[in-house]
Amino acid sequence: MAAAGKSWAGHGIHWGRIATRELSTVAITIFGLLLVTFLIARVMPIDPVLAVVGDRAPADVYERARLDLGLDKPLWHQFAIYIGKVFSGDLGTSVLTAQKVTDDIKTVFPATLELATLGTLIGVLIGVPFGIIAAVYQGRWPDQIARVVGLLGYSVPVFWVGLMGLLLFYAKLGWVAGPGRISVVWQDYVTPVTGIIMLDAAMQGEWDAFWDAFSHLVLPASVLGLLSIAYMSRMTRSFMINELQQQYVIAARVKGLSEFRVVWRHALRNAIVPLVTVIALSYMHLLEGSVLTETIFAWPGLGRYLTNALLNADMNAVLGGTLVVGAVFIAVNLFSDMIGRLADPRTR
Amino acid sequence: MSDQPLLEVDNLRVNFHTPTGIVRAVRGLSFALGRERLGIVGESGSGKSMTGRAILDLIPHPGEVLADGMRYRGQDLLTMDKRARRKLRGRHISMVMQDPKFSLNPVQTVGQQIAEAYRVHHKASSREAKERSLAMLEAVQIREPARVYELYPHEVSGGMGQRVMIAMMLIAEPDVLIADEPTSALDVTVQLQILKIMDDLVTSRGMGLIFISHDLHLVQSFCDRVIVMYGGKAMETLPAAELADESARARRHPYTLGLLGCLPDLDHPKAELATLKRDPAWLA
């Protein structure tokens, strides 16, 4: 028993060391991210003073605004102020919406989050099994079907699928709700807490609002999901083909295991390691916001917000959004690294 | 019935249909295996490994197995369905593979993999399977079975990995073991140790062993009989002792002599090693 206790303590120290290393990496990455966004803001040929006072302000007004903004201070001092503000949750005010960028992102990001999460979930739950079956029946008809579906998902433009989806499932069949996140009727029934309408509605017991939000979400998420299915199934297929050629798979068959167990327990368990990275990458890609999908479905998400901000040179919004996207990338990366470690004993 | 062979193979052929034609990996091999140690030697590509895979019904997809007869203890393997063939694997006919680094699943502990091999064929609680596995690890002379049970394959050495492999493949108590180059990936120093462990288990359980190797010395010292294969065919079958027997040279097939001639000998150094000469007529 003493030996067992010791080994558990050893495990604790080991994982502690890994956590420390990961966290220091995260800290350095976040610092780099802040530096880059700050420098981008400084080298942009957009005068932040003009954005405040307008281009017809007299010189003394212009000068006062410049001092107010702290632009006379040395660059490192400005950077320090910037970091301080970011950490106190102040990303400045958006010119376009005349609201705090933090508040904007609080409403816009959850919309993208729920879309991206459901899209990825659809992609993983359908795409991965599809890819596995394609790998097992390599070169035979299930593989060909998966290939065609993958090719379609890849090559048919999202806006076309989105519009056709709306035409069929919303306009003709009436199975799902139209553009937007929730119907006007239900808009005021749910108090935003997390900003994810379905979650908030469920927590507040507003089940009608919950289903309404769901029927708004399901079509755009499926459109993103289709793309995700295509990607996931192709990647899963190639990972699985690689694993199925390994010697340990033959050894598993020699033991007399059923083909089902060989594929789903032995090969898949190994293919999960690279798959986690691919899923994380695709999730991160969707979390940036998908402009086309968000535009077609009038989805007030991060992609549309950032695109609008960019087109209007709304720098605070652009940089704030960039920072959030960057932070989300770091978080998802960290999470996928940890899952990867759990899945692969060689990396522990 | 006791003198019935464990395994009978009659005119075994393994063909691969490829776009560029048919590749004949095994072209008519016949042998019977009793409770003995049968060696199969030959160069790379002589069909040794494919013979083992064909017996286990593990020839990969485009391959085709044909034979006039293939029986395990009188049961016809050729007419048996896939499911029944699978039930034979591990439980009755098993195989130790070449490199434990690749033939053990990297994400499962050694113990899980051994216990799994037991539980496929025996109704047993996970606890019982674990006890069996620990006993089996002890049987392959692993000193701390309980500790090794929890290790992952990358945490064990090659020699220990191969012992784990042997434990995994013998835990369901098969009658026939195919050892496909079981020591080729190991250091010379542990090769003999591993062979000894395998040999002891095979002998004490009265199993039949098919020892596939390209190493004439090993085959000579570990087997009772040897089949010399070339190009998918048996050139000859001889008692292992006669491989080294100078007086039996006259009876040897030229290919066997050729293989023997390629071996350097410490006691009789030669200025130049012989080059292996092959005669297409042997395959006719």
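These are my notebook entries on a predicted model with chains A and B.

**Entry 1. Confidence in chain A**

I began with the confidence scores of chain A, where the mean pLDDT is 88 and 97% of the residues score at least 70. I then looked up which elements of chain A have the lowest and the highest mean pLDDT. Helix α2 (residues 48-53) of chain A has the lowest, at 76, and helix α10 (residues 247-254) of chain A the highest, at 95. I noted residues 1-6 of chain A separately, as their pLDDT stays under 50. For this stretch the model has zero contacts beyond four places in sequence.

**Entry 2. Overall build of chain A**

I asked how many helices and strands chain A has. I found 14 helices and zero strands. Taken along the principal axes, the C-alpha atoms of chain A fill a box of roughly 85 × 65 × 40 Å. Of its 348 residues, 36% count as buried. I also looked at contacts in chain A with a separation of 6 or more, and 69% of them are accounted for by residues 24 or more positions apart.

**Entry 3. The two domains of chain A**

I looked up the domain assignment of chain A, which gives domain 1 as 2-87 and domain 2 as 102-176 + 221-347. The centres of these two domains of chain A, taken over C-alpha atoms, are separated by 30 Å. To their contact, domain 1 of chain A gives 12 residues and domain 2 of chain A gives nine. Which helix supplies the largest share of the domain 1 side? It is helix α1 (residues 2-43) of chain A, with eight residues. By class, I recorded nine nonpolar residues, two polar and one charged on the side of domain 1 of chain A that touches domain 2 of chain A.

**Entry 4. Helix α13 of chain A**

I next examined helix α13 (residues 302-311) of chain A for buried residues. Leu302(A), Gly303(A), Arg304(A), Tyr305(A), Leu306(A) and Ala309(A) are buried there. I traced what the buried residues of α13(A) pack against, and found α5 (101-136), α12 (291-296) and α14 (315-343) of chain A. Just after α13(A), I noted that Ala313(A) takes a positive phi of about 50 degrees.

**Entry 5. Where chain B meets chain A**

I looked up the contact between the chains, in which 25 residues of chain B meet 19 residues of chain A. On the side of chain B that touches chain A, at least two residues each come from α2 (82-88), β7 (93-96), α3 (100-103), α4 (110-119) and α7 (158-170) of chain B. I recorded this side of chain B as 13 nonpolar, six polar and six charged residues.

**Entry 6. The six-stranded sheet of chain B**

I followed the order of an open sheet of six strands in chain B, which is β7-β8-β9-β3-β10-β11, with mixed pairing. Why is one side of β7 and of β11 (233-239) of chain B left without a neighbour in the sheet? Both stand at the edges with a single partner strand each, so one side of each has no neighbour there. On average, and with direction ignored, neighbouring strands of this sheet are turned by 20 degrees against each other. Within the sheet, I found that strand β3 (residues 37-41) of chain B and strand β10 (residues 225-230) of chain B pair in the parallel sense over four bridges. The bridge partner of Leu38(B) in β10(B) is Arg225(B). I also noted that α7(B) lies across β7 and β8 (176-180) of chain B, and runs at about 175 degrees to β7(B).

**Entry 7. Strands β1, β2, β5 and β6 of chain B**

I turned to β1(B), which is joined to strand β2 (residues 21-33) of chain B by 10 bridges in an antiparallel run. These two strands, β1(B) and β2(B), form a hairpin with two residues between them. Across this pair, Asn15(B) stands opposite Arg24(B) in β2(B).

Strand β1 (residues 7-18) of chain B also pairs with β5(B), antiparallel and over four bridges. Asp10(B) has Gly69(B) as its bridge partner in β5(B).

I then asked which side chains of strand β5 (residues 69-72) of chain B are buried. Met70(B) and Tyr72(B) point to one face and are buried, whereas Gly69(B) and Arg71(B) point to the other and are not. β5(B) is further joined by two bridges to strand β6 (residues 75-76) of chain B, and the two run antiparallel. In β6(B), Gln75(B) is the bridge partner of Tyr72(B). I noted that β5(B) and β6(B) form a hairpin with two residues between them, and that Arg73(B) in the turn has a positive phi of about 45 degrees.

How values were computed. Residues are numbered from 1 along each chain as its sequence is written. Chains are lettered from A and ligands numbered from 1 in the order in which they are written. This is a predicted model: local features need pLDDT of at least 70, side-chain atom pairs count only at pLDDT 80 or more; totals for chains, interfaces and linings use all residues. Domain bounds come from an automatic or database domain assignment. Two residues are in contact if their C-beta atoms, placed from the backbone, lie within 7 Å. Ala, Val, Leu, Ile, Met, Phe, Trp, Tyr, Cys and Pro count as nonpolar, Asp, Glu, Lys and Arg as charged, and the others, Gly among them, as polar. A residue is buried if 20 or more other C-beta atoms lie within 10 Å of its own, exposed if 12 or fewer, and partly exposed in between; C-beta atoms are placed from the backbone. Two strands pair if DSSP finds at least two bridges between them. pLDDT is the predictor's confidence in each residue, from 0 to 100. Axes are lines fitted to C-alpha atoms, for helices over the stretch in contact, and angles run from 0 to 180 degrees between N-to-C directions.
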